[in-house]
Amino acid sequence: LTGVNFVRICDRDKNMIDRQRVRIGRKFAQVSEGAKEIFLRDGFSGTSVDDIAAAARVSKATLYSYFADKRLMFEEAMQNERQRLEDAILFDIPADAAPTQAIPALTRQIAEWLVAPDSVRLYRVHVAEAARFPDVARNYHAALHKGLRDRLRERLDHWVAWGELRIEDTTLAAEQLVRLAGAEIHDMATLDGGHAPDHDQIARIADSAAQLFLKAHG
């Protein structure tokens, strides 16, 4: 490409992006919610604009007044659902709880979150559409880390500072604990039609994860 042609292509692409900006309006939330419902149920390829319009209870013209195409609808819907689930990650542990009591409770809460129907549906859609929407998949992975790993790391840093745990890399340790807490049951929930394992299965895996972690770092 010559320099002039390269500039022309960049300008053309910029104009295309500008035309595709999402427009906020009175029924925007209604449209976004309808799109999320259908995308989580049927995925991107299995969803039609007619399906979204029906779920949102609006006309196709109204849909296109907010979004230039279905891809933008998908990206917006996934972003909103990621944010909602990330905000819902709240560890219910007393601030002064010792690791021996807190970590088993944390692993159970992490496991319950990982196999919750909303979490599983969102995970399955992002995996299925990772090749088509790599940026969306990367954003999901980053949000999952921020919601689970980073918040857990804050707890670990506190216990390390007080000499209650011995950990050299709390970021890595937090990642490992999340993986341990979801071992097997996350795959079961994801691959078995989204049906969560029962309470006893979750408790067995989560408690084993806590015991192993405390043995390594306690």
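# Questions on an all-helix predicted model

User: Happy to dig in! Reading along the sequence, what pattern does the chain follow, and how many helices and strands are there?

Analyst: This is a predicted model. Along its sequence the chain runs α-α-α-α-α-α-α-α-α-α-α. The count is eleven helices and zero strands.

User: Before I trust the details, which helix has the lowest confidence and which the highest?

Analyst: Good habit! The chain's mean pLDDT is 86, with 87% of residues reaching 70 or more. Residues 2–19 stay under 50, and the model gives them three contacts beyond four places in sequence. Confidence is lowest in helix α1 (residues 3–19), at a mean of 44, and highest in helix α9 (residues 170–181), at 95.

User: Which residues have the most contacts inside the largest nonpolar core?

Analyst: Some background helps here: in soluble globular proteins, nonpolar side chains tend to be buried together. In this chain of 218 residues, 42% are buried. The largest nonpolar core holds 51 residues, and those with the most contacts inside it are Phe-39 and Met-78.

User: And how many residues does the other core have?

Analyst: That core lies apart from the largest one and includes Ala-111, Ile-185, Ala-189 and Ala-206. Its size is eight residues.

User: Let's look at helix α5. How far apart are its end C-alpha atoms, and what span should its residues give?

Analyst: Helix α5 covers residues 70–87, which is 18 residues. At 1.5 Å a residue the helix should span 26 Å, and this agrees with the distance between its end C-alpha atoms, 26 Å.

User: Which residue caps the N-terminal end of α5?

Analyst: The clue is a side-chain oxygen lying 3.2 Å from the backbone nitrogen of Arg-71. The residue that supplies this oxygen is Asp-69.

User: Which helices do the buried residues of α5 pack against?

Analyst: Among the buried residues of α5 are Leu-72, Phe-74, Met-78 and Leu-85, along with charged ones including Glu-76 and Arg-82. Leaving aside neighbours within four places, Met-78 contacts Phe-39, Leu-40, Leu-122, Val-125, His-126 and Val-136. Taken together, the buried residues of α5 pack against α2 (28–42), α3 (49–56), α4 (60–66), α6 (99–114), α7 (117–128) and α8.

User: Is Phe-91 buried or exposed?

Analyst: Phe-91 sits in the loop between α5 and α6. Beyond four places in sequence, Phe-91 touches Leu-106, Gln-109, Ile-110, Leu-148, Arg-151, Leu-152 and Arg-155. Its relative accessibility is 16%, and the cut-off for buried is under 20%, so Phe-91 counts as buried.

User: Which side chain does Arg-149 make a polar contact with?

Analyst: Arg-149 is placed in helix α8 (residues 134–161). Not counting residues up to four places away, Arg-149 touches Leu-144, Thr-171, Ala-174, Glu-175 and Val-178. At 2.8 Å, its side chain makes a polar contact with that of His-145.

User: Where does Arg-57 lie, and what is its phi near?

Analyst: Most residues other than glycine have a negative phi, and most peptide bonds are trans. Arg-57 has a positive phi without being a glycine. At 64% relative accessibility, Arg-57 counts as exposed. Arg-57 lies in the loop between α3 and α4, and its phi is near 60°.

User: What about Glu-184: what is its phi?

Analyst: Glu-184 lies in the loop between α9 and α10 (185–191). Its relative accessibility of 45% means that Glu-184 counts as partly exposed. Glu-184 is not a glycine, yet its phi is positive, at about 75°.

Note on methods. Residues numbered from 1 in each chain as written. Predicted model: local features only at pLDDT ≥ 70, side-chain atom pairs only at ≥ 80, totals over all residues. Heavy atoms only, no water. Helix = DSSP H or I, 4+ residues; strand = E, 2+ residues; numbered from the N terminus. Polar contact = N/O pair within 3.5 Å; in protein donor to acceptor, adjacent residues only side chain to side chain. Contact = heavy atoms within 4.5 Å. Buried < 20%, exposed > 50% of the residue type's maximum accessible area, 1.4 Å probe, protein only. Core = buried A, V, L, I, M, F, W, Y, C linked by side-chain atoms within 4.5 Å. Expected span 1.5 Å × (residues − 1). pLDDT = per-residue confidence, 0-100.
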